[in-house]
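Here is a quick tour for anyone opening this structure for the first time. Have a look at it, then read on.

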Amino acid sequence: MELNRQKEQFGNAFIHAAAAAAGLATCRPGVDEDSVDWIIHQSGGSGTIRSPRLEVQLKCTACPEGDTEGFRYPLGTKNYRDLIRVDLLVPRCTG
């Protein structure tokens with residue numbers, strides 16, 4: 001399998017594992033026009049906010065540039081602009 005496909009599959013598995021460990025569900029949009037690769041959500045639930053969700057763009061690297069602040073990943077201009085928008089109903093993050 002080509003390296004980029006391996007990284008994509010590793011990232012997908014990580015999303016599933018992290019969400020499952022937190023008791024959350026995942027779904028994947030059919031088309032990625034808005035820089036959203038995965039949606040992590042909780043159906044129903046209790047508390048003051050029902051059905052919370054988080055939209056995520058997933059990135060994976062084979063050569064991390066780590067430092068004390070974490071890892072860096074170069075993000076394309078379109079993706080960056082999509083992800084920093086503040087006029088969104090659902091928050092986003094990169095992971």
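What is the mean pLDDT of the protein chain, and what share of its residues reach 70 or more? This is a predicted model, and its mean pLDDT comes to 81, with 80% of the residues at 70 or more. Confidence peaks in S1, at a mean of 93, and drops to its lowest in strand S6 (residues 92-94), at 58. Where pLDDT is low, the predicted coordinates should not be read in detail.

**The overall layout**

The protein chain has two helices and six strands. Reading from the N terminus, you meet them in the order α-β-β-β-β-β-α-β. The chain has 95 residues, and 21% of them count as buried. About 7000 Å² is exposed, 56% of it supplied by carbon and sulfur atoms. Looking at contacts with a separation of 6 or more, 36% come from residues 24 or more positions apart.

**The core**

In soluble globular proteins, nonpolar side chains tend to be buried together. Here, the largest nonpolar core is made of six residues: Ile 15, Ala 19, Trp 38, Ile 40, Val 56 and Leu 58. Helix H1 (3-21) and S2 each contribute at least two residues to this core. Take Ala 19: leaving out residues up to four places away in sequence, Ala 19 touches Leu 24, Thr 26 and Ile 40. Val 56, another core member, sits in strand S3 (residues 53-57). With a relative accessibility of 3%, Val 56 counts as buried. Its C-alpha is 5.9 Å from that of Asp 37, although 19 residues separate the two in sequence.

**Around Ser 35**

Now for a loop residue. Ser 35 belongs to the loop between strand S1 (25-27) and strand S2 (38-41). Is Ser 35 buried or exposed? Ser 35 is buried, because its relative accessible area is 1% and the cut-off for buried is under 20%. Its side chain makes polar contacts with the side chains of Asn 79, at 2.8 Å, and Asp 82, at 2.6 Å. Beyond its neighbours within four places in sequence, Ser 35 is in contact with Gln 57, Lys 78, Asn 79, Asp 82 and Leu 83.

**Salt bridges**

How many salt bridges does a search of the whole structure find? The search turns up five, and the table lists some of them.

| Pair | Closest N to O |
|---|---|
| Glu 8 and Arg 5 | 2.9 Å |
| Arg 53 and Glu 55 | 3.3 Å |
| Asp 82 and Lys 78 | 2.4 Å |

Asp 82, which you already met beside Ser 35, bridges to Lys 78. Why are Asp 82 and Lys 78 separated by about one helical turn? Because they are four residues apart in helix H2 (residues 77-83). Asp 82 counts as buried at 12% relative accessibility, while Lys 78 is partly exposed at 48%. Elsewhere, salt bridges with shared partners link Arg 5, Glu 8 and Arg 28 into one network.

Glu 8 and Arg 5 are three residues apart in helix H1, so about one helical turn lies between them. Glu 8 is partly exposed, with a relative accessible area of 29%, and Arg 5 is partly exposed too, at 48%. For the remaining pair in the table, Arg 53 counts as partly exposed at 38% relative accessibility, whereas Glu 55 is buried at 12%.

Key
Residues numbered from 1 in each chain as written. Heavy atoms only, no water. Buried < 20%, exposed > 50% of the residue type's maximum accessible area, 1.4 Å probe, protein only. Polar contact = N/O pair within 3.5 Å; in protein donor to acceptor, adjacent residues only side chain to side chain. Contact = heavy atoms within 4.5 Å. Areas by Shrake-Rupley, 256 points an atom, 1.4 Å probe, with all protein chains shown as cover. pLDDT = per-residue confidence, 0-100. Core = buried A, V, L, I, M, F, W, Y, C linked by side-chain atoms within 4.5 Å. Salt bridge = Lys/Arg side-chain N within 4 Å of Asp/Glu carboxyl O.
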